[in-house]
Amino acid sequence: MFQLSFTKIEKFLRCPQEYAWYIDKSVYNKYHQDTPPLIFGSIMHAVLNDYYKNLEKSERTKEKMIALFKQKYKANKAKHDAVFKDRKTVTGYAQTAGREFTNFLESPLSEIVPYVATEENIKTDLGGVELWAKIDRFDTSAKGLKIIDYKTGKYIEDEPDPLQLDLYALAAFIKFPEIPIHQKSYYYLYDNRFVEVACSSGEFKKTREKVLGIAENIQKTKEFKPKKNPKCIWCDFRTICPLWQ
Ligand code: SF4
């Protein structure tokens with residue numbers, strides 16, 4: 001079945017050529033480079049996941065979170081050292097991790113045990129298209145389900161794309177049809193800030209149609225052309241992109 005995720009959709013809408021190289025594993029494996037923010041984000045997500053899965057309530061402290069961070073860094077030390085390059089950079093990110101753990105522990109999230117906290121993809125059949133959604137956590141309240149996506153970078157005005165949470169809400173709506181979805185939020189750990197995306201009636205139908213429309217567009221595209229955009233500077237494929245030669 002044709003598979004889509006937020007990352008694939010975002011790439012296709014931003015630059016069809018980037019999407020085509022991203023899904024071609026032979027090109028991706030050759031040109032993809034991990035960066036400090038990418039590694040940092042993935043370690044932080046793993047720590048926040050372990051916080052509930054592997055720590056008893058009495059162990060849920062900042063010190064334990066820092067210990068988990070170190071453990072995850074050391075588990076792949078050679079690779080991580082190569083990406084972070086020098087001690088000063090590692091120290092800077094470790095300080096950021098400390099600040100983000102403090103904020104997390106002061107936030108209401110630390111006290112609520114999520115209904116679901118997973119790093120695995122939820123795969124949903126939308127009718128010929130399989131949507132993959134990697135949702136950080138669902139919480140429940142008397143009003144229904146809250147969907148939360150952790151962001152480990154600094155908050156930038158207008159940066160979060162509401163589509164990411166809209167896709168996660170659609171996946172949650174299909175997986176847990178018995179629970180109404182009443183809130184969708186990004187949580188910026190560095191700024192201790194929630195950014196909410198409004199829920200609206202009929203949104204699941206609209207989101208499903210949007211995803212199916214994008215899938216159709218991708219499948220009928222004959223030539224995936226490059227399109228310059230502000231994120232070109234972060235693109236893995238800039239060295240082979242015709243627009244940057
Ligand atoms: S460098 Fe820019 S234009 Fe070229 S493939 Fe990447 S995102 Fe597209």
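Two strands pair if DSSP finds at least two bridges between them. With that in mind, welcome to this predicted model, and let us start with its strands.

## Strands and their partners

Strand β3 (residues 122-125) runs antiparallel to β4, and four bridges join the two. Within this pairing, Thr-124 stands opposite Leu-131 in β4. The two strands also form a hairpin with three residues between them, and here Gly-127 takes a positive phi near 100 degrees.

Strand β4 has another partner as well: β1 and β4 pair in the parallel sense over four bridges. If you look for Gln-3, you will find that its bridge partner in β4 is Glu-130. How enclosed is strand β4 by the rest of the structure? Four of the five residues of β4 (residues 129-133) are buried, so this strand is largely enclosed.

Strand β1 (residues 2-5) is also the place of Leu-4. Leu-4 counts as buried because its relative accessibility is 0%, and buried means under 20%. Along the chain, Leu-4 and Ile-214 are 210 residues apart, yet their C-alpha atoms are separated by 9.3 Å.

Further along, strand β5 (residues 137-141) and strand β6 (residues 144-151) pair in the antiparallel sense, with five bridges. A hairpin of two residues joins β5 to β6. At this pairing, Ser-141 stands opposite Gly-144 in β6.

## Two buried charged residues

Next come a lysine and a glutamate. Lys-184 is found in strand β7 (residues 181-188). Is Lys-184 buried or exposed? Lys-184 is buried, with a relative accessible area of 0%. Glu-18, in turn, lies in helix α2 (residues 16-23). Glu-18 is buried too, because its relative accessible area of 7% is under 20%.

The side chains of both residues make contacts, listed here.

| Side chain | Partner | Distance |
|---|---|---|
| Lys-184 | side chain of Glu-203 | 2.9 Å |
| Lys-184 | backbone oxygen of Ala-198 | 3.2 Å |
| Glu-18 | side chain of Lys-11 | 3.1 Å |

So the side chain of Lys-184, a residue buried at 0% relative accessible area, has a polar contact with the side chain of Glu-203 and also reaches the backbone oxygen of Ala-198.

## Around the ligand

Glu-18 appears again at the ligand, where it is one of the surrounding residues. Which other residues are around the ligand? From the earlier part of the chain come Cys-15 and Trp-21; the others are Pro-226, Lys-227, Lys-228, Asn-229, Cys-232, Cys-235, Arg-238, Cys-241 and Trp-244. How does this shell divide by residue character? Seven of its residues are nonpolar, one is polar and four are charged. The space that the ligand takes is the largest cavity.

## A residue in a loop

Our last stop is Asp-161, in the loop between β6 and α8 (162-175). Unlike the buried residues described above, Asp-161 counts as partly exposed, because its relative accessibility is 32% and the partly exposed range lies between 20% and 50%. Asp-161 and Tyr-186 are 25 residues apart in sequence, while in space they are 9.8 Å apart, C-alpha to C-alpha.

Definitions and conventions
Residues numbered from 1 in each chain as written. Predicted model: local features only at pLDDT ≥ 70, side-chain atom pairs only at ≥ 80, totals over all residues. Heavy atoms only, no water. Near = heavy atom within 4 Å. 1 Å grid on protein atoms, 1.4 Å probe; cavity = no way out; pocket = protein on both sides within 12 Å on 5 of 7 lines; lining within 4 Å. Sits in = over half its atoms within 2 Å of the grid points. Nonpolar A, V, L, I, M, F, W, Y, C, P; charged D, E, K, R; others polar. Buried < 20%, exposed > 50% of the residue type's maximum accessible area, 1.4 Å probe, protein only. Polar contact = N/O pair within 3.5 Å; in protein donor to acceptor, adjacent residues only side chain to side chain.
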